[in-house]
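Me: I've got a model open and want to walk through it. Can you take me through the helices, the sheet and the salt bridges?

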Amino acid sequence: MCSQQAVHVAMTLDFPYLRGTMAAIFSILQHSSCPENIRFHFISSPSSTHLHETITSSFPYLRSQIYSFDTNPVSGLISTSIRSALDSPLNYARNYLANILPPCVQKVVYLDSDLVLVDDIASLAATPLGTGTVLAAPEYCNANFTTYFTPTFWSNPMLSLTFSGRNACYFNTGVMVIDLERWREGDYTTKIVEWMELQKRMRIYELGSLPPFLLVFAGNIAAVDHKWNQHGLGGDNFRGRCRDLHPGPVSLLHWSGKGKPWVRLDANKPCPLDALWAPYDLLRTPFALES
């Protein structure tokens, strides 16, 4: 699990998203030129570590490790967001990867559980970070960056200077390449936690675990081609309406948003693009098979 030549992948593991996690793993292995070179690091709450048995029984040759994430410390830092699923303590495990994973793991690809790859993950893992950059992710500079923070944030003279001198753009934290050595050296977990502590005192953002990442890293990340995160396929955070692909090539399909493909397929109300996720669904129910 400490191989520096391997591609290290970190994902969270819980029951509501188990079906998505299984599909993501299957897609990664299917499109990898060297699947035996991938190491999976799964993070779960103490009550869900048994789910690793489901993974290993389905993928008996998978090289993987399960890590128990103590959710108590972060639970007291979580503020209610616009969608309850975003308030899960496990959703904040990405903040603590440098502490959870062994020190020998120097670089990791973090992935959400509601996505599938249709390209070789080694290409994503090989993203150059440059000198001093901690993480890489696709940036979306056309998005209205100001909407991710409250009027309280922007009206405060000190807080509004946070992004001064930074070409800050929105990026989605569901697909990131992270240099864990640089993260540890810069103690970035503490920086993120400090913003979460401020959020508890004065509401400066609305959207779960994303804004602290933007506050710490936006404008200081390495760029990744947009094909590696065709995000938003789950629709918005309120209704989860169907969406089309963004223009351009596709290496990763990401159902971020309220609508999840396995839920819509089971309800016989799939969106057109859910048909691209279905071939990787290893845990579909008998009802779904009959229908």
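Reply: Sure, one definition before we start. Helices (H or I, at least four residues) and strands (E, at least two) are DSSP runs, numbered from the N terminus. This is a predicted model, where local features need pLDDT of at least 70, side-chain atom pairs count only at pLDDT 80 or more, and totals for chains, interfaces and linings use all residues. Residues are numbered from 1 along each chain as its sequence is written, and side-chain values use heavy atoms, with hydrogens and water left out.

Me: OK. How many residues does helix 8 have, and how far does it reach?

Reply: Helix 8 covers residues 188–201, which is 14 residues. From first C-alpha to last it reaches 21 Å, close to the 20 Å expected at 1.5 Å a residue. The expected span is 1.5 Å times one less than the number of residues.

Me: Which residues of helix 8 are buried?

Reply: Y188, T189, I192, V193, W195, M196, L198 and Q199. Buried means under 20% relative accessible area, exposed over 50%, and partly exposed in between (1.4 Å probe, protein chains only).

Me: And what covers them?

Reply: The cover includes helix 3 (72–75), helix 4 (97–100), helix 6 (151–155), helix 7 (180–186) and helix 9 (210–217). Contact here means heavy atoms within 4.5 Å.

Me: Switching to the sheet. What's the strand order?

Reply: 7 strands form an open sheet in the order 3-2-1-4-9-6-10, with mixed pairing. Strand 3 (64–68) and strand 10 (222–223) are at the edges with a single partner strand each, so one side of each has no neighbour in the sheet. Two strands pair if DSSP finds at least two bridges between them.

Me: What sits on strand 3 and its partner?

Reply: Helix 2 (residues 51–58) packs on the sheet there, touching strand 2 and strand 3. Its direction makes about 175° with that of strand 3. Axes are lines fitted to C-alpha atoms, for helices over the stretch in contact, and angles run from 0 to 180 degrees between N-to-C directions. Strand 2 (residues 38–44) pairs with strand 3 in the parallel sense over 5 bridges, and I43 stands opposite Y67.

Me: Strand 9 next. Is it buried or exposed?

Reply: Mostly covered: 5 of its 5 residues (175–179) are buried. V175, V177 and D179 point one way, while M176 and I178 point the other.

Me: Which strands does it pair with?

Reply: Strand 4 (residues 107–111) pairs with strand 9 in the antiparallel sense over 5 bridges. There, Y110 has M176 as its bridge partner. Strand 6 (residues 135–137) also pairs with strand 9 in the antiparallel sense, over 2 bridges, and L135 stands opposite I178.

Me: New topic. How many salt bridges?

Reply: The count is 7. The rule asks for a side-chain nitrogen of Lys or Arg within 4 Å of a carboxyl oxygen of Asp or Glu. One of them joins D281 and R19 (2.9 Å, N to O).

Me: Why does that pair tie distant parts together?

Reply: D281 is in the loop between helix 10 (261–266) and helix 11 (286–290), and R19 is in helix 1 (residues 18–30), so the bridge ties parts 262 residues apart in sequence. Both D281 and R19 are buried. R19, D266 and D281 are linked in a salt-bridge network.

Me: What does K260 meet?

Reply: D114, in a salt bridge at 2.5 Å, N to O. D114 is in the loop between strand 4 and strand 5 (115–117), and K260 is in the loop between strand 11 (252–254) and helix 10, 146 residues apart. D114 and K260 are both buried.
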